Every structure is written in structure tokens, then in C-alpha cells.
Amino acid sequence: MSELTLERLRAEGNALMEEISREFYLAHAGFKSDAELVPIYERHAVVVSDDALALAREHFQATSDSASRILLDFVVDTRAARALATNDEREIAWESTAMVQLGDGRAIPYARASIEIGNLTDRRERAALDTARAKLVQAELAPMRLERLQREVDLMAGMEIGPSYNATFEALSGIDLAKLMGECEAFLRDTADLWRELLPPAAKRSLGVPVSELSRADALALFRAPQFDGAFPGNAMEPAVRRQMGEMRLDPDAGGRVRFDVGEREGKRARAFCAPVRVPEEVYLVLRPHGGQGDYMTLMHELGHAVHFAYTRADFPFEYRWAGDNSVTESYAMLFDHLTQNRGWLARYTGLGRDLPAYLRSAALEELHFLRRYTAKLIYEVQLYSGRIPWSSLPDLFVETLSGATSFRYSAADAFVDIDPRFYSARYLRAWQLGALLAASLVERFDVDWYRNPRAGPWLVENLFAEGQRETADEVALRVSGRSLSFAPVINALEGLLA
Ligand SMILES: [Zn+2]
């Protein structure tokens with residue numbers, strides 16, 4: 001057997017990522033009925049071999065530079081994904097066939113339950129459907145998720161990188177979990193008064209429910225809010241976004257490297273997504289324009305990812321093009337999707353008109369809810385993965401933490417289900433911080449309407465996108481703005497929506 005070298009590991013890693021990403025693109029865009037990942041992992045088995053782990057670990061311990069950390073993180077992540085693939089397949093199969101049984105004999109597909117709950121205007125019907133959903137989750141999905149979590153914790157211990165799951169994550173990601181958790185606790189305190197001011201009138205007006213009685217099912221109904229959808233027509237979406245990108249001199253096609261897949265096709269996912277099949281040469285942006293504010297926001301988010309990948313330097317090593325701190329790519333996605341909360345952008349590129357102030361107020365409520373939910377998730381997930389709390393005590397902690405932060409009563413059945421594996425919640429929270437910091441520094445550089453300043457697009461490409469994920473989100477923040485990541489610019493932006 002030939003000796004495994006770092007060069008070969010990078011080349012095989014690159015091939016694996018390209019093939020997996022292409023398979024996802026083909027499956028989710030409706031060209032194939034499902035993604036066949038196992039044969040791809042088998043073709044590139046060397047990436048998940050013990051030799052690869054040992055090589056990447058030794059290289060990291062010898063150099064402890066960021067490129068070697070990113071490569072080790074990639075190997076560990078891929079090994080975990082491969083090892084948990086059977087769990088994931090079982091879960092996906094369950095989710096596509098499970099039915100929620102209602103007391104009156106009706107049954108609703110589990111996959112549609114959240115949407116159905118959000119659409120129900122009768123509060124008792126909403127509660128009944130959610131109770132039935134929770135019962136099914138408790139009996140069937142929660143045990144599968146718990147088993148997956150326990151396997152994941154054992155797998156990470158076996159990588160021999162840190163003394164605990166959380167220490168391993170911190171060593172691989174460069175993210176300080178205790179620090180982020182402290183910021184999340186401070187965020188919840190700092191925004192408590194604002195939340196107490198915003199939620200009660202909205203809950204009363206839209207749902208007719210006092211805050212003391214709100215449940216998670218009510219949250220789904222409250223934030224369903226379709227009243228502004230008319231100002232976001234599906235056929236105007238792509239032209240509006242292209243006009244804006246043109247005004248800031250950013251080519252959304254990236255000279256042909258971003259391919260817009262907008263055709264109707266059987267089996268194509270309803271929500272837009274971005275599939276970077278070769279970075280930077282071949283990136284798909286797949287969408288089915290339905291219209292509505294959610295559709296605009298998703299397109300902007302995925303476009304942020306797409307231009308990031310498509311403008312990444314082609315001469316960069318594999319690590320910086322395909323791996324690294326996903327807080328960075330999520331922050332560029334959020335920089336773009338938050339334009340759908342920007343007063344000037346909305347006035348210029350949508351038909352909101354006189355509804356703009358009401359829309360911004362509703363956006364502030366939704367944004368603050370989303371942030372309080374995610375900060376609480378991170379606080380809970382750090383404790384879940386800490387190993388210091390017995391699995392049997394976690395459902396109570398979940399209900400207490402999430403209900404306390406959001407004012408909506410959560411269900412204990414979701415304690416192992418409503419989780420972002422491997423702390424993806426930390427990536428999102430840091431992306432919120434970096435995205436808001438970047439938006440503020442773009443205003444300083446290019447003025448409030450930076451999104452139509454012809455110097456802004458080239459600046460974004462040169463200073464952000466070209467760098468791929470060479471740096472962590474903390475490093476990008478310091479280089480670009482001279483400031484550290486924090487929730488301060490996030491709270492500023494939120495207050496700006498209400499001003
Ligand atoms: Zn994203």
C-alpha cells in the first residue's frame with residue numbers, strides 16, 4: 001500500500017467533496033430520486049481511514065497552524081458523517097413516511113406538521129396537532145436522535161484530540177464555547193426588556209393569546225405572517241436582485257461560474273439552495289421562485305454563499321476552498337439576506353411602499369425571536385454535549401432554557417430533535433455577529449446605500465469572498481473592521497429596525 005501523504009489526502013478530500021456535492025445537487029434539484037452517498041465514500045475511503053486521521057492529527061500537533069487545524073477538522077467531520085450515515089439514512093426514511101395520527105381519525109405527514117401547525121388559525125386545533133406530533137416524536141424520533149447523539153459523543157472521544165466532546169470541538173474549530181455561551185447569556189439579559197415590550201402586543205393582535213399561555217405551536221403561527229407577501233412577487237424576484245447586484249458592480253453569475261437553475265422540474269426542492277460542486281469553478285444556485293418575503297430572503301442567503309464560493313481564489317489549497325469556519329460563509333449569506341430587513345433596500349427593490357414601517361416592526365420581532373431562540377439553543381447544546389448532565393435530565397433543561405428565552409412553551413419531546421449537530425448553532429450565531437459587523441463597516445466605507453455603490457461589489461470580492469474560509473470569523477472581523485466579534489452590532493441593527 002502506498003504511503004498516505006498530505007498531498008494525496010487533500011486531493012482525495014477535494015474529489016470526495018466534489019462528488020458528494022454534485023450528488024446532493026442532482027438529488028435536490030430533481031435530476032435523481034435520491035442521493036447515493038455510500039459508493040462515493042467507498043471510492044475515497046482513504047479520507048476516513050485511521051491513517052488519514054493519524055496523519056492529520058500529527059501534522060496539526062507538529063505545526064498547530066490554521067491550515068493543519070482546518071484539515072484535521074475536515075477529516076474528523078467526514079469520519080463522523082460517514083460513521084453516522086446509517087443513523088441519518090434511517091432517520092430520513094422515517095421522516096419521509098411517518099404520519100401524525102389525530103384523535104379524529106385524520107393523519108398528517110410528519111414532514112408537513114410544522115407548516116400545518118403554522119397555518120392553523122384555531123388555537124385548539126393547533127395545540128391538538130402539536131400534541132399529536134410531540135407524542136409521535138417522543139415514541140419514535142427522539143430515541144433515534146438520542147442514539148445518534150450518544151454515538152457522536154463516543155466517536156469524538158475516539159478521535160483522541162481533546163479530553164471531552166466540547167474540548168475536541170474547541171480545538172478543531174478554534175471557537176471558545178464558554179466565551180460564546182457567556183455572550184449568549186448577556187444577549188438574553190440585554191434584550192429581555194425589548195422582548196417584553198415587543199411580544200405581548202403582537203401575540204395579542206395576531207393570535208389573541210396572552211404571553212403567559214404561548215406555546216411553540218403559537219410561535220409557528222405568529223411568524224407565518226403572510227400579510228406582506230404581495231410586495232414580494234415571485235416573477236420580480238430575480239430581476240430585482242440582479243438589478244441590485246449590478247448597481248453595486250457584483251456579477252451574480254461570477255462570469256458563468258454561478259449557474260442559476262430556475263426551471264420547473266419534478267422532484268426539485270421548494271426552497272432555494274446553493275451547491276458548490278467545484279470551488280470556485282462550478283456553483284449551482286437552485287430556486288423555484290414562489291414569491292413572498294421568505295422566498296426573497298432565502299434567495300439572498302443562498303446567493304451570498306454562491307458568490308462567496310465562486311469568487312474564492314482558485315489557487316488556494318483545498319482546506320481554504322472546501323473547509324474551515326462555516327461562520328464565515330454563513331456571515332456572507334446573512335450579510336445578503338439581511339438586506340431584506342434594510343429600509344433603503346426594501347424601498348428601492350420591493351413593492352412595500354406604505355407598509356414599510358409595519359413590515360420593519362414585524363421583521364424586528366421575528367429577528368429578535370430567532371436570536372433569542374438560537375442563543376438559548378447554544379446555551380442548552382453546550383450543556384448537552386458537556387457530559388456533565390445525565391441524558392435523562394436534559395429534556396427538563398431543554399424546556400426550561402428554550403421556553404425561558406423565547407416565552408413560548410417548548411415540548412420535552414424535542415430535547416434531542418431540535419438540535420443543530422456539532423454546534424452548527426455556534427456558526428450561525430457568529431455569522432450573525434460578523435454579518436452585522438460587516439454591514440456596519442460597509443456603511444462606514446460606502447454609506448448607507450452601500451448595496452448600490454459601484455465600489456462595494458469589487459471590495460466584497462477582493463476583501464471577503466476571494467479569501468474563501470482561510471480565516472476564522474474572528475480573524476475576518478479584526479482584519480476588516482479592527483473590531484472583535486460581539487452581539488453589539490446585532491443589537492444596533494435590531495434597534496435600527498424600530499427607530
Ligand atoms: Zn447558509
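1. Let me start with the second largest pocket. Its lining draws at least two residues from each of helix 15, helix 16 (343-349), helix 17, helix 19 and helix 22 (488-498). This is a predicted model, so everything below is computed from predicted coordinates. The pocket has a volume of about 720 Å³. It is lined by 28 residues, and those closest to its centre are His338, Gln341, Asn342, Ala439 and Ala493. By class, the lining splits into 18 nonpolar, seven polar and three charged residues.

2. Now the metal site. Which residues hold the zinc ion? His301 and His305 each coordinate through NE2, and Glu330 through OE, at 2.1 Å. Along the chain, these donors follow the spacing H-x3-H-x24-E. Histidine 305 sits in helix 13 (residues 293-310) and glutamate 330 in helix 15 (residues 326-337), so this pair ties together parts that are 25 residues apart in sequence.

3. Are histidine 305 and glutamate 330 buried or exposed? Buried means under 20% relative accessible area. Histidine 305 comes out at 7%, so it counts as buried. Glutamate 330 is buried too, with a relative accessible area of 5%.

4. Next, the packing. The largest nonpolar core has 144 residues, and Phe336, Tyr380 and Phe465 have the most contacts inside it. Helix 17 (residues 356-386) gives this core its largest share, 16 residues. Apart from it lies another core, of 20 residues, including Tyr110, Ile117, Met144 and Ala217. As a general point, nonpolar side chains tend to be buried together in soluble globular proteins.

5. Phenylalanine 465 deserves its own entry. What does phenylalanine 465 touch, leaving out residues up to four places away in sequence? The list is Leu250, Val307, His308, Tyr311, Thr312, Tyr332, Phe336 and Leu460. One of these, Phe336, is itself among the residues with the most contacts in the largest core.

6. Leu460 from that list leads to helix 20 (residues 456-463), where Ala456, Gly457, Trp459, Leu460 and Val461 are buried. The buried residues of helix 20 pack against helix 15, helix 19 (424-446) and helix 21 (473-481). Helix 15 is also the helix that holds glutamate 330.

7. On to enclosed space. How many cavities of 30 Å³ or more turn up in the whole structure? The search finds two. The largest has a volume of about 50 Å³. Its lining consists of Arg69, Ile70, Asp73, Leu172, Ser173, Gly324, Asp325, Arg427, Gln469, Arg470, Glu471 and Thr472. Helix 4 (66-83) and helix 8 (165-173) are the elements that give two or more residues to this lining, and helix 4 supplies the largest share, three residues. By class, the lining has two nonpolar, four polar and six charged residues.

8. The second largest cavity holds about 30 Å³ of space. Around it are Glu238, Val241, Arg242, Pro252, Phe260, Leu299 and Leu303. Here helix 12 (234-247) and helix 13 are the elements that give two or more residues, with helix 12 providing the largest share, three residues. What is the make-up of this lining by class? There are five nonpolar, no polar and two charged residues. Helix 13, for the record, also carries histidine 305 from the zinc site.

Note on methods. Residues are numbered from 1 along each chain as its sequence is written. This is a predicted model: local features need pLDDT of at least 70, side-chain atom pairs count only at pLDDT 80 or more; totals for chains, interfaces and linings use all residues. Side-chain values use heavy atoms; hydrogens and water are left out. Donors are N, O and S atoms within 2.8 Å of the metal (3.2 Å for Na, K and Ca); water is not among the atoms, so sites may look incomplete. Helices (H or I, at least four residues) and strands (E, at least two) are DSSP runs, numbered from the N terminus. Buried means under 20% relative accessible area, exposed over 50%, partly exposed in between (1.4 Å probe, protein chains only). Contact means heavy atoms within 4.5 Å. A nonpolar core is a set of buried Ala, Val, Leu, Ile, Met, Phe, Trp, Tyr and Cys residues joined through side-chain atoms within 4.5 Å. On a 1 Å grid over the protein atoms alone, a cavity is a set of points where a 1.4 Å probe fits but cannot get out, and a pocket is an open set with protein on both sides within 12 Å along at least five of seven lines; lining residues have an atom within 4 Å of a point. Grid points are joined across faces, edges and corners, and a volume is the space filled by probe spheres set on the points. Ala, Val, Leu, Ile, Met, Phe, Trp, Tyr, Cys and Pro count as nonpolar, Asp, Glu, Lys and Arg as charged, and the others, Gly among them, as polar.
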